[in-house]
Amino acid sequence: MASSDRVWVFGYGSLIWRPSFNFLNAHVAWVDGWSRRFWQGSTDHRGTPGAPGRVVTLVQISDQYCGGVAYEIEPEVATQVFAELDRREIQGYGRREVEMRLNNGETIRGIVYIAMEKNPHYLGDDVLSHIAKQIACARGPSGSNWDYVKRLGGALRDFGIVDAHVFEVEQAVARLIRAPLVKAHLRGSS
Ligand code: SIN
C-alpha cells in the first residue's frame, strides 16, 4: 500500500488509554511544534457546565514536541472511525493534519483532534494551584477529572513518554486530593 493510502490518528489524551476503535498498528509517536496542556474545558465528559473540568489539548510552541500514540486505521473503516471520534471529541475539538515521527523511524502524516483557542470551552492557562483545584473538584458523565489526569499520567509512563506539564499537574492534584479541606469540599459538592 502506498504511504498516502495509509490512515493514521494521533492520540495524546484519552485516546492513548482508550482508543475505542480497531486499529492495524500502534506506535509511540511525536508531533513537533505542539505541546500538551490542560487548557480545554470539559462539561460533557469530566465536568459539568457549573464546574467544568480540564482536559488536554495541544498548543503550538515551535521548539517543543508532544509524545503520544499513532494508530493506523484500515482505510475501509476510516469514515466510520472519524464519525465516532467527531462525536466523542465534539466539545471544541477539530481535526487537523500533522506530521508524526513514529518510534520505528518512519515519518507519516495523520489526523489529530485539537481544541483551538477560539472554541467556546477553551480555558487557557492559569496558575498551577488554580488548575489543580479545578481538576480536584470536577466530575462529569465519564468520571472524575482526577481519574482522567491519573490515567493520562499512568499511560504516558507506561509508554515511556515524559511530559513535565502533565506530571506537574498530576502531582499538584494528588497533593490536594490528600488534603482534608478539599476532601470535605468534594464531599459537599457531590
Ligand atoms: C486525544 O486524546 O488525542 C484528544 C484529547 C482527549 O480526548 O483527551
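Ala, Val, Leu, Ile, Met, Phe, Trp, Tyr, Cys and Pro count as nonpolar; Asp, Glu, Lys and Arg count as charged; the others, Gly among them, count as polar. By that scheme, the lining of the largest pocket holds ten nonpolar, eight polar and five charged residues. The model is predicted. Its five strands close into a barrel.

**The barrel**
- Going round the barrel, the strands follow the order 1-3-2-4-5.
- Their pairing is mixed.
- On average, neighbouring strands of this sheet are turned by 40 degrees against each other, direction ignored.
- Strands of a sheet pair through backbone hydrogen bonds, and the pairing is either parallel or antiparallel.

**Strand 5 and its neighbours**
- Strand 5 spans residues 107–115.
- Seven of its nine residues are buried, so the strand is mostly covered; buried here means under 20% relative accessible area.
- Strand 5 runs antiparallel to strand 4, and nine bridges join the two.
- One bridge pair is Met-100 with Ile-108 in strand 5.
- Strand 4 and strand 5 form a hairpin, with four residues between them.
- Gly-105 sits in the turn of that hairpin and has a positive phi of about 95 degrees.
- Strand 1 pairs with strand 5 in the parallel sense, over two bridges.
- Phe-10 has Val-112 in strand 5 as its bridge partner.

**Strand 2 and strand 4**
- Strand 2 covers residues 25–42, and strand 4 covers residues 93–102.
- These two strands run antiparallel and are joined by two bridges.
- Ala-29 stands opposite Leu-102 in strand 4.

**A helix across the strands**
- Helix 4, residues 145–158, lies across strand 2 and strand 3.
- Strand 3 covers residues 53–73.
- Helix 4 runs at about 70 degrees to strand 3.

**The largest pocket**
- Rolling a probe the size of a water molecule over the atoms shows where empty space is left.
- The largest pocket has a volume of about 320 Å³.
- It is lined by 23 residues.
- Which of them are closest to the centre? They are Ser-14, His-45, Glu-89, Tyr-93 and Tyr-148.
- Four elements give two or more residues to the lining: strand 1 (7–11), helix 1 (14–17), strand 2 and strand 3.
- Helix 1 gives the largest share of the lining, three residues.

Key: Residues are numbered from 1 along each chain as its sequence is written. This is a predicted model: local features need pLDDT of at least 70, side-chain atom pairs count only at pLDDT 80 or more; totals for chains, interfaces and linings use all residues. Side-chain values use heavy atoms; hydrogens and water are left out. Two strands pair if DSSP finds at least two bridges between them. Axes are lines fitted to C-alpha atoms, for helices over the stretch in contact, and angles run from 0 to 180 degrees between N-to-C directions. Contact means heavy atoms within 4.5 Å. On a 1 Å grid over the protein atoms alone, a cavity is a set of points where a 1.4 Å probe fits but cannot get out, and a pocket is an open set with protein on both sides within 12 Å along at least five of seven lines; lining residues have an atom within 4 Å of a point. Grid points are joined across faces, edges and corners, and a volume is the space filled by probe spheres set on the points. Buried means under 20% relative accessible area, exposed over 50%, partly exposed in between (1.4 Å probe, protein chains only).
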